[in-house]
Number of protein chains: 2
Amino acid sequence: MRRDSRLSRMLHVLIHMDRIDGAATSDRIAQMLGTNPVVVRRTMAGLRDGGYVHSEKGHGGGWVLTRPLSEITMLDIHRALGNPELFAISVAVDHPECLVEQAVNSALGSAFDAAEQLLIDKFASVTLADLADEFDQRMAKITTKPTCELV
Amino acid sequence: MRRDSRLSRMLHVLIHMDRIDGAATSDRIAQMLGTNPVVVRRTMAGLRDGGYVHSEKGHGGGWVLTRPLSEITMLDIHRALGNPELFAISVAVDHPECLVEQAVNSALGSAFDAAEQLLIDKFASVTLADLADEFDQRMAKITTKPTCELV
DNA sequence: CATCTCGCAACAACAAAAGTTTCGAAATCC
DNA sequence: GGATTTCGAAACTTTTGTTGTTGCGAGATG
Ligand code: FES
Ligand code: FES
């Protein structure tokens, strides 16, 4: 089962977007992510619909943030990506009438619900500005700055 | 992405196994789960290697529990299934050098670690006997017992 | 008007899980 | 001993969802 890494990737991209001048084209972002521009547009479409970024056509066009990082949480982005399923495991409903199955699924379900709530709360509590700060701290700590031709 | 329901299914099966006389054949279990016996053997193989069930060939053969439900936790079965990945979401490592990516992944990673710990703890705290008790309580509550030709 | 860039739809490639087929080996029944 | 039941394991096919690709259209810029 290939695991979804869109949230991680989009957070990475958005923070970079905040630090560069002008718009970031889908092409450039695709290079950053080792993918292609169509996939980028597909993924960014949700963020655009959520009002976090704006896209502009033509020369000098591309993607720009429409609000400060401090006003975007990790949860916002997760939701903008369509609230993707968090867990790789689910309960089976082979015999909905079976009380054994119901007992099992109720125990499993409540465990997953609690874990999901914990994740959602954590996501809601972290803004992209927090992540950018964390980045700055890491940057201040090291002496040899890594160079990246893409940002 | 089809989600893994082996844990839920195996818990269901094991509790039924505790309540029936004699061994349960792969064929019968497959009918319960709406699948086929080869898939059942494949899945049960982990539980056999973990020492939770035993398989017997020939007439009257099949699968039997090798220890009481009170000595098996949900976590045991999860592990016996090969510790399958819990989350459908993972972090991307496109640019391991990139401090932005590192900051993002560290925040995401710690959230997932906490959620995983919560789940594991919960799994460890519930024995199959607890689930069987829960089943008995549900059974006592209803008046019209569902009939199932498979158990 | 040439070029850049996104938007969208259709199609292909890929990966992982599940299902199927087939054979073999061990246990039981007669 | 021979037929039958049942698991064990390997090889193969099917299915399903994601990702990647191609192609065309539309709007913006120079
Ligand atoms: S399968 Fe649980 S009752 Fe038939
Ligand atoms: S992509 Fe984050 S630095 Fe190059």
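**Symmetry and helix packing in a two-chain model**

In this predicted model, chain B superposes on chain A with an RMSD of 0.1 Å after a rotation of 180° with 0.0 Å of shift along its axis. The two copies are therefore related as by a two-fold rotation axis. Both copies use the same surface, since 100% of the contact residues of chain B recur in chain A.

Helix packing between the chains can be followed through two pairs. A helpful starting point is that two packed helices are described by the angle between their axes and the distance between the axes. For helix α5 of chain A (residues 99-125) and helix α6 of chain B (residues 128-141), the axes come within 8 Å and cross at roughly 125°. Because angles of 65 to 115 degrees count as roughly perpendicular and those over 145 as roughly antiparallel, α5(A) is oblique to α6(B). The crossing of α5(A) with α6(B) is right-handed. On the α5(A) side, the contact involves A:Leu99, A:Val100, A:Gln102, A:Ala103, A:Val104, A:Ser106 and A:Ala107, and these meet B:Leu131, B:Glu134, B:Phe135, B:Arg138 and B:Met139 of α6(B). Sorted by class, this contact of α5(A) with α6(B) holds eight nonpolar, two polar and two charged residues.

The second pair brings together helix α1 of chain A (residues 6-19) and helix α5 of chain B (residues 99-125), with axes that come within 9 Å and cross at roughly 135°. That angle makes α1(A) oblique to α5(B), and α1(A) passes α5(B) in a right-handed crossing. Helix α1(A) contributes A:Leu7, A:Ser8, A:Leu11, A:His12, A:Ile15 and A:His16 to the contact, while α5(B) contributes B:Val100, B:Glu101, B:Val104, B:Asn105 and B:Leu108. Six nonpolar, four polar and one charged residues make up the contact of α1(A) with α5(B).

Packing was also examined inside chain B. There, the axes of helix α1 (residues 6-19) and helix α3 (residues 37-49) come within 11 Å and cross at roughly 70°, which means that α1(B) is roughly perpendicular to α3(B). B:Arg6, B:Met10, B:Leu14 and B:Met17 of α1(B) make this contact with B:Thr43, B:Met44 and B:Leu47 of α3(B). The classes represented in the contact of α1(B) with α3(B) are five nonpolar, one polar and one charged residues.

Aromatic side chains complete the picture. Over all chains, a search of the whole structure finds five aromatic pairs. One aromatic cluster is formed by A:Phe87, A:Phe112 and A:Phe123 together with B:Phe87, B:Phe112 and B:Phe123.

Terms used
Residues are numbered from 1 along each chain as its sequence is written. Chains are lettered from A and ligands numbered from 1 in the order in which they are written. This is a predicted model: local features need pLDDT of at least 70, side-chain atom pairs count only at pLDDT 80 or more; totals for chains, interfaces and linings use all residues. Side-chain values use heavy atoms; hydrogens and water are left out. Axes are lines fitted to C-alpha atoms, for helices over the stretch in contact, and angles run from 0 to 180 degrees between N-to-C directions. Helices (H or I, at least four residues) and strands (E, at least two) are DSSP runs, numbered from the N terminus. Angles under 35 degrees count as roughly parallel, over 145 as roughly antiparallel, 65 to 115 as roughly perpendicular and the rest as oblique. A crossing is left-handed if the near helix is turned anticlockwise from the far one by less than a right angle, and right-handed if clockwise. Contact means heavy atoms within 4.5 Å. Ala, Val, Leu, Ile, Met, Phe, Trp, Tyr, Cys and Pro count as nonpolar, Asp, Glu, Lys and Arg as charged, and the others, Gly among them, as polar. Rings of Phe, Tyr and Trp (its six-membered ring) pair if their centres lie within 6.5 Å; planes under 30 degrees apart count as stacked, over 60 as edge-to-face and the rest as tilted. Copies are superposed by least squares on the C-alpha atoms of residues with pLDDT of at least 70 in both.
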